[in-house]
Amino acid sequence: MSAQCEMTAKVAAGAPMGFFERYLTVWVFLCIVAGIALGQFAPGVFQTIGRLEVAQVNLPVGLLIWVMIIPMLVKVDFGALHEVKQHVRGIGVTLFVNWLVKPFSMALLGWLFIRNLFAPMLPADQLDSYVAGLILLAAAPCTAMVFVWSKLSDGDPLFTLSQVALNDTIMVFAFAPLVGLLLGISAITVPWATLLTSVVLYIVIPVALAQLWRKALLAKGQASFEAAMAKIGPWSISALLATLVLLFAFQGKAILEQPLVIALLAVPILIQVFFNSALAYWLNRAVGETHNVACPSALIGASNFFELAVAAAISLFGFESGAALATVVGVLIEVPVMLLVVKVVNASKGWYEAR
């Protein structure tokens, strides 16, 4: 283990859930209310913001998403990739659930609930868009918050770091083809040029900038790096909340007309979280991994890189799309649901180790 990887793992392990993260569901709910209200009282302002586009990329949102994503990616040490071999079985389970089960199971749940069971209660012209949003939400594993979930479940910090680094590396190459494949299977038109542009703007460039920033900070010493992380930590959540205000300002009319939509979209997301976390947890137990590896493996399989999902949904389908709304529902339920999963894996440690 390199000294830098070990230090990064300790920093990740010691990071508590901040004030913004702990009450994320509350802030999201307040943003929903604020966005809907502002959209109704000042529609002209938000229409002007919506027109600030270059090549189908909304400039204010693009800036907010960079502020949202880049600070998270600074925490990722790609040097930890060589540590993957230390927990081959746990990493194998993580990759299997994240890339071969989770996106496909969400596409299936979207078809089952959105296009069939709930279709009579949803606007017919948005069904495909809702399914697309759910697919985008499931197509990218969690990057930053998984460090928090791992800490709360006493997960192995080095394993958590290595699996995040590996998943982020795979995401650079697999996100666009996977989303394109699942949208195609779901009979949804794939705007490939916009999809690839989104990958470059919201994955490739942020990863490159974050790693350059990380290198510059570490060159000043570990203390400087940790101080910078503490300072920029709130940026991501603040930018996310500002984006949500904009999104709900555009979505307000549709939500007021059909408030049940959010609850219906939450159903497949909740099922997906519980199914994938349980599957990863059980598979780790079956292959003989330790509990402190199984926990972060299960948690990264359940949570999503919702910042990327929101960005891609807005770029591909627009502010007023069902896809954008579906990804935001994922943000709304992320924290309380993941805290419940953490509680379950902690409480079941005795069962897990009684092999």
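**Cysteines.** I looked up Cys295 first: at 0% relative accessibility, Cys295 counts as buried in this predicted model. Next I checked Cys31, which counts as buried too, because its relative accessibility is 9% and the cut-off for buried is under 20%. Then I searched the whole structure for disulfides and found 0.

**Nonpolar cores.** Which residues have the most contacts inside the largest nonpolar core? I noted Leu24, Phe175, Leu244 and Phe248, in a core of 114 residues. Helix α11 (residues 222-257) gives this core its largest share, with 16 residues. A second core, separate from it, has 10 residues, among them Ala280, Tyr281, Ala294 and Tyr352. I also followed up Leu24: setting aside neighbours within four places in sequence, I found it in contact with Ile237, Leu240, Leu241, Phe306, Val331 and Val335.

**Aromatic pairs.** How many aromatic pairs does a search of the whole structure find? My search gave 4. In one of them, Phe113 and Phe118 are 5.3 Å apart centre to centre, with 45 degrees between the planes, a tilted pair. I checked both rings' residues, and Phe113 and Phe118 are buried.

Tyr281 and Trp351 came next: their ring centres are 6.1 Å apart and their planes are at 40 degrees, so this pair is tilted. I liked that it links distant parts of the chain, with Tyr281 in helix α12 (residues 260-287) and Trp351 in helix α16 (residues 349-353), 70 residues apart. Tyr281 counts as buried at 7% relative accessibility, while Trp351, at 44%, counts as partly exposed.

**Around Trp351.** I saw that ring pairs link Tyr281, Trp351 and Tyr352 into a cluster. Lastly, I found the charged end of Arg285 over the ring of Trp351, 4.1 Å from the ring's centre.

Notes. Residues numbered from 1 in each chain as written. Predicted model: local features only at pLDDT ≥ 70, side-chain atom pairs only at ≥ 80, totals over all residues. Heavy atoms only, no water. Disulfide = S-S within 2.5 Å. Buried < 20%, exposed > 50% of the residue type's maximum accessible area, 1.4 Å probe, protein only. Core = buried A, V, L, I, M, F, W, Y, C linked by side-chain atoms within 4.5 Å. Helix = DSSP H or I, 4+ residues; strand = E, 2+ residues; numbered from the N terminus. Contact = heavy atoms within 4.5 Å. Phe/Tyr/Trp six-rings, centres within 6.5 Å; stacked < 30°, edge-to-face > 60°. Lys NZ or Arg CZ within 6 Å of the ring centre and 35° of its normal.
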